[in-house]
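Here's a quick walk through how the protein meets its DNA, followed by a look at one of the sheets. Keep the viewer open as you read.

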There are 2 protein chains.
Amino acid sequence: MSTPKHVTIKEIARRAGVSHSTVSRALNNLPVVAPETAARIRALAHELGYMPSATARTLKTNRSRVLGVIYNRIADPFYSEVLAGIQSVVHRYGYSVFVSAFEYDPRREEGLIRTMAARQVDALLLCSTTFTAQRLQEMGGLPIPAVFVHNRATDVLPHSIYHDDRSGTRALTQHLLELGHRRIAFGGNARGGLLHEQRRQGVVDALAEAGLRLDPAYDLMAPDGQMRSGAILAEQVLACSPRPTAILCFNDMQALGLMQVLQTAGLRIPDDISVAGFDDIPLAAFLYPALTTYHQPQWELGELAAQAALHMLGEPVTDPRATFDVITLQGRLMVRRSTAPPPVP
Amino acid sequence: MSTPKHVTIKEIARRAGVSHSTVSRALNNLPVVAPETAARIRALAHELGYMPSATARTLKTNRSRVLGVIYNRIADPFYSEVLAGIQSVVHRYGYSVFVSAFEYDPRREEGLIRTMAARQVDALLLCSTTFTAQRLQEMGGLPIPAVFVHNRATDVLPHSIYHDDRSGTRALTQHLLELGHRRIAFGGNARGGLLHEQRRQGVVDALAEAGLRLDPAYDLMAPDGQMRSGAILAEQVLACSPRPTAILCFNDMQALGLMQVLQTAGLRIPDDISVAGFDDIPLAAFLYPALTTYHQPQWELGELAAQAALHMLGEPVTDPRATFDVITLQGRLMVRRSTAPPPVP
DNA sequence: TTGAAAGCGCTAACAG
DNA sequence: CTGTTAGCGCTTTCAA
């Protein structure tokens, strides 16, 4: 049950009657060592349950084969999927990941970056929508290679990967327009930073193309992108007069919370009011009604981010896009059951 | 932009005109060193942007201040919350966490345990519902201290923390019984292992107390605890004749998927059929109708698991329960809007 | 093909 | 109060 006495290469060397460097070579499959010797050493290592010390190796080689992932909220369905994507590739390369979240606290974010650096991660995956050039300046640059995920930080760092949100909400708005909606509301995210601006802009774009503008009364704002914000938004929608016939939420989480309140108030979706989300988190397809939204490839975002980092570290990658400095992903419109033509008055 | 030349204590020592051990002492706040010297050293360290190498420290002290968290699916709302709880305490202690998931592959699970050990984590948090005594035997024991989370593995390891699921489904079933339901179905999870058994048993218990039994026609089984399984379950429910008036799902995710299909089929919840979940993931309260479920304290589960691990490592913990070998958490019934008396025939 | 030796950055006796 | 020394487990010259 207790620690089974740590076996080192020295111990193996002693038992095999060779030097520890030979053991090191054998275990690392360096071709120089004599086949029989190598076989004997490997057998012994296996028998003794030898485990190489990643710590020692890291100290010596200056490479840890560890990636650091930093993001905002640990329990976010969107980033959970991104993380799953990251893990799937990282695992194939024999890397491990440190994961931590800064819970919207920039000071903590900086602390995490330093901790990760002290722990000698090879690269950082920064899933922060709020990191800015200014912040980077204050920190005096990043101590390790990093790729920005989900943040168009090209002005700050060469490596970033993000989704074209603006086209997304534009497509979504066009869809609503085509259905005949004119009174379209947008639910913002006060914490959304660049994401908020991009998504809102997409709505404005589409509206402008149709010769319309985003009515200030329908230009709503919620504190964040969580479910509760959706509920808050719903109250605002209910208070509007005339009521919008469609509302496009910052993301699916908001849409979810919004739908509940609207439905509880007796409104039928989509008959009385159409609702659209953004992101297409796995949940979206399972809501009632199934949510119309814009699909962002979350898993792929994670996979590519990880590959981009690995590429920077000199690992061979399969996806050619991972070799680009800036990667823009395109999503696609997912029309489901929560949107329909506006009710006839 | 690039690596700003790593500063070590030797470098600081050179510049301060002292030995590197003095630097080490000063930086670790050992009281022996002269105040002025210490101040000078610390100033210098700050100025040079010194970062201690956690790797070197780990190698020397045999303590990494890293915990390994292993679980099944990376993108699971339940475990996301648990992980958030873990992180919240771990962060306070200056620990970091490796996170990885084995995606229902036992071989991979074992591999992860070995990797974590090689990376010298101080303790393991095993959120595996499928790990068994036999598996442990085959592995020849765990190489590092571990606490089992969400698995009553007392026969295997001294340290485990879990929730009393059986009482949970029992309370849920009693609630349904009190509402007047008699045709109560249970949605199982073929992958659920012990959890499945416990939850199903709670239903059987409550039914037996009421002089009833779980009708085999209502003793349903879905492949897993995901949303899609809920949809599968819904088809089974719809095919039942007579139809159950209430269904208790393995967890909230199932309930979610089930509700959508039922609602799409034109059934009103709870008017036509009552639905209950299990876990009370944050989402549950925001569904329409808000889901009746049994609250498992997910965050607390994570917090306590982390504290239990930290306690094993000799760290002072605040929650006295964390010093127990086996911790059982109690949840509570959350009656919301998805359950009501059965329809009058 | 193998061994001896150095050293990664740090902590911790032990001496002074 | 401070310096010297050794060594954590490994990789990697350099010689043999």
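A polar contact here is a pair of N or O atoms within 3.5 Å; within protein, one must be able to donate a hydrogen and the other to accept it, and residues adjacent in sequence count only if both atoms are side-chain atoms. With that in hand, start at Arg25(B): an N or O atom in its side chain is 3.4 Å from a base nitrogen of DNA strand C.

Before going further, some housekeeping. This is a predicted model, where local features need pLDDT of at least 70, side-chain atom pairs count only at pLDDT 80 or more, and totals for chains, interfaces and linings use all residues. Residues are numbered from 1 along each chain as its sequence is written, chains are lettered from A and ligands numbered from 1 in the order in which they are written, and side-chain values use heavy atoms, with hydrogens and water left out.

**DNA strand C**

Strand C has 28 residues around it, and the closest are Thr22(A), Arg25(A), Ile9(B), Ser24(B) and Tyr50(B). A residue counts as near a strand if one of its heavy atoms lies within 4 Å of it. Of the strand C atoms within 4 Å of the protein, 63% are sugar or phosphate and the rest belong to bases. By class, the surface near strand C holds 10 nonpolar, 12 polar and 6 charged residues. For those classes, Ala, Val, Leu, Ile, Met, Phe, Trp, Tyr, Cys and Pro count as nonpolar, Asp, Glu, Lys and Arg as charged, and the others, Gly among them, as polar.

**DNA strand D**

Over on strand D, 29 residues surround the DNA, with Ile9(A), Tyr50(A), Ser21(B), Thr22(B) and Arg25(B) the closest. Sugar and phosphate make up 55% of the strand D atoms that come within 4 Å of the protein. The residues of this surface split into 10 nonpolar, 13 polar and 6 charged. Helices H1 (9-16), H2 (20-27) and H4 (54-61) of chain A, plus H2 (20-27) and H4 (54-61) of chain B, each supply at least two residues of it. Helices (H or I, at least four residues) and strands (E, at least two) are DSSP runs, numbered from the N terminus.

Some further polar contacts to the two DNA strands:

| Protein atom | DNA atom | Distance |
|---|---|---|
| Ala34(A), backbone N or O | phosphate oxygen, strand C | 2.8 Å |
| Ser24(B), side-chain N or O | phosphate oxygen, strand C | 2.7 Å |
| Ser19(B), polar backbone atom | phosphate oxygen, strand D | 2.9 Å |
| Ala34(B), polar backbone atom | phosphate oxygen, strand D | 2.8 Å |
| Lys60(B), side-chain N or O | base nitrogen, strand D | 3.3 Å |

**A sheet in chain B**

Now for strand E1 (residues 66-71) of chain B. Is it buried or exposed? E1(B) is mostly covered, with 6 of its 6 residues buried; buried means under 20% relative accessible area, exposed over 50%, partly exposed in between (1.4 Å probe, protein chains only). Val66(B), Gly68(B) and Ile70(B) point one way, while Leu67(B), Val69(B) and Tyr71(B) point the other.

E1(B) runs parallel to E2 (residues 96-101) of chain B, joined by 6 bridges, and also pairs in the parallel sense with E3 (residues 123-127) of chain B over 5 bridges. Two strands pair if DSSP finds at least two bridges between them. Tyr71(B) stands opposite Ala101(B) in E2(B) and opposite Cys127(B) in E3(B).
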